[in-house]
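Got the viewer open? Take this short tour with me, one selection at a time.

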Amino acid sequence: MSTVDLGLPSLPGGLQGVPAATEPQNRKEYVSDQEVRWCPGCGDYAVLAAFQGFLPELGIKRENVAMVSGIGCSSRFPYYLSTYGMHSIHGRAPAIATGLAVARPDLSVWVVTGDGDALSIGGNHLIHTLRRNVNLKILLFNNRIYGLTKGQYSPTSEPGKVTKSTPMGSVDNPFNPVSLALGAEATFVARTVDSDRKHLTSVLRAAAEHRGTSFVEIYQNCPIFNDNAFDAFKNPETRDDAIIPLVHGEPIRFGIDGHLGVVRDGFASLAVREVADLPNGEADLVVHDAHTEDPAYAFALSRLTDAGVLHRAPVGIFRSVERPAYDDLVRQQVETAQQTQGTGGGLQSLLTGTDTWTVN
Amino acid sequence: MNRTVTIEVKQLDRVVIRFAGDSGDGMQLTGDRFTAETASFGNDLSTLPNFPAEIRAPAGTLPGVSSFQLHFADHDILTPGDAPDVLIAMNPAALKANLADVPRGATLIVDTADFTARNLKRIGYDENPLETGELDSYHLVPLNLTGMTVESVKEFGLTRKDASRAKNMYALGLVSWLFQRPVESTILFLETKFASKPAIRDANIAAFRAGYNFGETAEEFSVRYEVKPARMATGTYRNISGNLALAYGLVAGAQRAGLPLVLGAYPITPASDVLHELSKLKRFNVTTIQAEDEIAGVGAALGAAFGGALGVTTSSGPGISLKSETIGLGVMLELPLVVCDIQRAGPSTGMPTKTEQADLLQVMFGRNGEAPLPVIAAQSPADCFAIAVEAARIAVTYRTPVMVLSDGYLANGSEPWQIPVIEDLPTVDPNFTVEPNATNDKGEPVYLPYLRDPETLARAWAIPGTAGLDHRIGGLEKEDKTGNISYDPANHDLMIRTRQAKVDGITVPPLEVDDPDGTAKVLVLGWGSTYGPIGAACRRVRKVGGKIAQAHLRHLNPFPANLGDVLKSYDKVLVPEMNLGQLAMLLRAKYLVDVVSYAQVRGMPLGAAELAGVIGNLVEETEGIDDDARHLGADAAAVTHGEALKIEPNGHLHHPEGAR
């Protein structure tokens, strides 16, 4: 058996096939005429502003951007962008976006979802989209709470969370969204924070350029029902020790004056240590390689995230590897069938088949 | 070949034959081949496969029995027949499981090889029924088919087990001889199917020929039967099953609309074959997505529709339940989407391989809110093609999800199909909006996604990639014209009524009534796969002098505009259904007509004879004839079309009495 030539581009890019803009664009062009209706202080505003500012950078035609969302506060996102958009139903955006991406290679397709939408009611679609590696970009706004339904615990809420539906505290073990995505062997997995526009934008850019499913978890504050859930990452006094920065090719070192670092620890695990305590100092630190094929490395990184109240978590691109995108493969089969079998006059002969008789 | 008895040829006008065996015995294949031979000979035909949901239930048990029934005739027929004239039973379980359906006087060809004490005991026979005399009222032809098969293929060096697997081809050869079927296509089929396994190929062909030659040379049979080709309308025909016809119709519908077809589907009995067939048709710009679940299947189809494709999803009742919310979104988004429900016996998992038409109310109303959508139903296997083309027309023209109803009986059954000419099929223009369709209060050109065509009320459909027409749509209530989110009470009322008016206004052909001399007082009205049994029942009633009108609905939402008038022009309307009266409920609610419901929910098609009895009785009741004096129903139930069949080992043809 010879290997199958899939005919894929040798330099896959998430935007390949999307027509380029003929003129430079600005942020205002991407702002729709709809009044934004999130609560004052919601982290969604910062993400929206960053996103509207970032889209012109892509240099693609505005009408070739399609936003698909589910249900939840974050899923209002498409209404506020002057692109094509669909505000769909709870949890189903990845499935709907899969159909759109398969049908339209000329679109840059984005899914906007939340922790309830993507990880609870829509968990199945999320993992299957990730394993298929459909060329679409998933932005998961994780506020660790149900906001639109007014404050029930979510699948990312910390154990013991007291909410309207858990007056004695939640007994659910939460998902770590990055671990889940890596478990599904997602090819691009990143985490960023709503308030760090520069980091957020850089992650969005990398996500857009990746061919296949890009999964971006965005820590997003809900000031009404779960305020300060990510305070450790925002408070100038704590954030240096809280954020484990992942920079491809750099040793993973952080904390005030870089006193902390990530080292290998036992079987396929990583741990945070005082750099000063390491025998060889910085030379003992793990140098981040987002292109590591084995997802176990990125998974080990994801386990450095606190499971309960968040005091520390890695932020950045955990994994970025190449694998053929599902929609490309699906279209390739259609093209191959058309080229090798032809369609000229074919439908009539299909209907006729090979076994006919004639009545005169 | 030497024979001492001359072979006599008897003319028959129709025959019902049933092949039955273990689900591993290849009965469906045998039936398919006999059907292909019969189709190529030019008989009209109708088939009924019947198999267990288990892929391989334990061999030799009653739950493991699989069967295939074929009705073929020299005239136009409508059903696979109520009862077989000939049963081929490959083991004791097949005999026991099917005997109740076989009328006395019919022929039983039985493979005796497995009639051992142990096998018999396993299925509850204390003694061998072939020897006790309990089958004396049948025409029993016991043959060691397995033994003769093994003997006929011994030169190929197969194990006894492998050799005996060719017994279905031996049986097929025998009945092919008995009914004078052309055999070339089966030999060609076996050569192709087993091309990579020469020993198996040669054994199957040898067994098939040996079975045929056994009929020719052995003196078991001295009569052969001939069913002349049917006189059918001029044209070119092929045999086609409902699911295949549906798949072809979907492709034709998409092509006539100039749209790519994107199918999102999850495997489910009895709909999976539509997924299988469409996945072979990529060259016609067909994309198939085997989704992670039913919801994702319809979601992918709807996403593709948003992108400008004809979105299609195929499933059965349980899957439709899961898709309901997304279909509701399709109603709100007003995008073309074809949803095919190949119904099966429910509720819940029900009986997956058995047929039913109890999803009508689910597809009509099974969504939250006022979510109307068109519903159409195929009436025969070949009609699945036309109904799929019609679904694409309605979906694209009116920008709406369309529900297509088929069922297990249509899906797996087959019949001759006059092959349509593609150019004669209607074309549909998707009529995409490509430039602004209105001006705002500042006089600037704008695109209003919910601006409607005044005739059809279809909304303006612009697809992503169209410059200047970007817009956002979703499941939240829309403002009229702009499509912006709106909670305005008056707007909601307007939009609810507009969506309803759009569906109500879909162009539907008028209902045609078959009322030969226009004097019938009773109308039989059906929908879906009951078309065949109802038509056959009406023929029986007419044959014995009853006056009866028949009409069949292919459009269930909206109903044909003349339906109310039709209903009111008859004294009585009988509505036979394979549910507890779902269409009857709709008719009563909409037209205030007290229709008579005839409901049978047995997982099997309605029986023509039984239904004929009900119709005949109702006709006489309507005519004021007393109970005691009524005979039309009994007469109609007892009608046999022409000669019935009886195969005598000694060459005599009998006419069995009584009902079949």
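Before you click anything, one cut-off: helix angles under 35 degrees count as roughly parallel, over 145 as roughly antiparallel, 65 to 115 as roughly perpendicular, and the rest as oblique. Also keep in mind that this is a predicted model.

**Stop one: a pair of helices.** Select residues 145–152 of chain B, helix α5, together with residues 198–217 of chain B, helix α9. Their axes come within 9 Å and cross at roughly 120 degrees, so α5(B) and α9(B) are oblique to each other. The crossing is right-handed. Who makes the contact? Show B:Met148, B:Thr149 and B:Ser152 on α5(B), then B:Ala206, B:Ala207, B:Ala210 and B:Phe214 on α9(B). Sorted by class, that contact has five nonpolar residues, two polar ones and no charged ones.

**Stop two: along α9(B).** Try a distance between its end C-alpha atoms: they are 27 Å apart, which agrees with the 28 Å that 20 residues should span at 1.5 Å a residue. Now colour the buried residues of this helix, among them B:Ala203, B:Ile205, B:Phe208 and B:Tyr212. What do the buried residues of α9(B) pack against? Add α5, α6 (160–164), α7 (167–178) and α8 (184–193) of chain B and you have the partners.

**Stop three: where the chains meet.** Bring in chain A: 51 of its residues are in contact with 58 residues of chain B. Elements of chain B that each supply at least two residues to this side include α1 (27–41), β9 (235–241) and α13 (317–333). Finish on α12(B), which gives the largest share, nine residues. By class, the chain B side divides into 29 nonpolar, 21 polar and eight charged residues.

Definitions and conventions:
Residues numbered from 1 in each chain as written. Chains lettered and ligands numbered in written order. Predicted model: local features only at pLDDT ≥ 70, side-chain atom pairs only at ≥ 80, totals over all residues. Axes fitted to C-alpha atoms, helices over the stretch in contact; angles between N-to-C directions. Helix = DSSP H or I, 4+ residues; strand = E, 2+ residues; numbered from the N terminus. Left-handed = near helix turned anticlockwise from the far one by under 90°. Contact = placed C-beta atoms within 7 Å. Nonpolar A, V, L, I, M, F, W, Y, C, P; charged D, E, K, R; others polar. Expected span 1.5 Å × (residues − 1). Buried ≥ 20, exposed ≤ 12 C-beta atoms within 10 Å, placed from the backbone.
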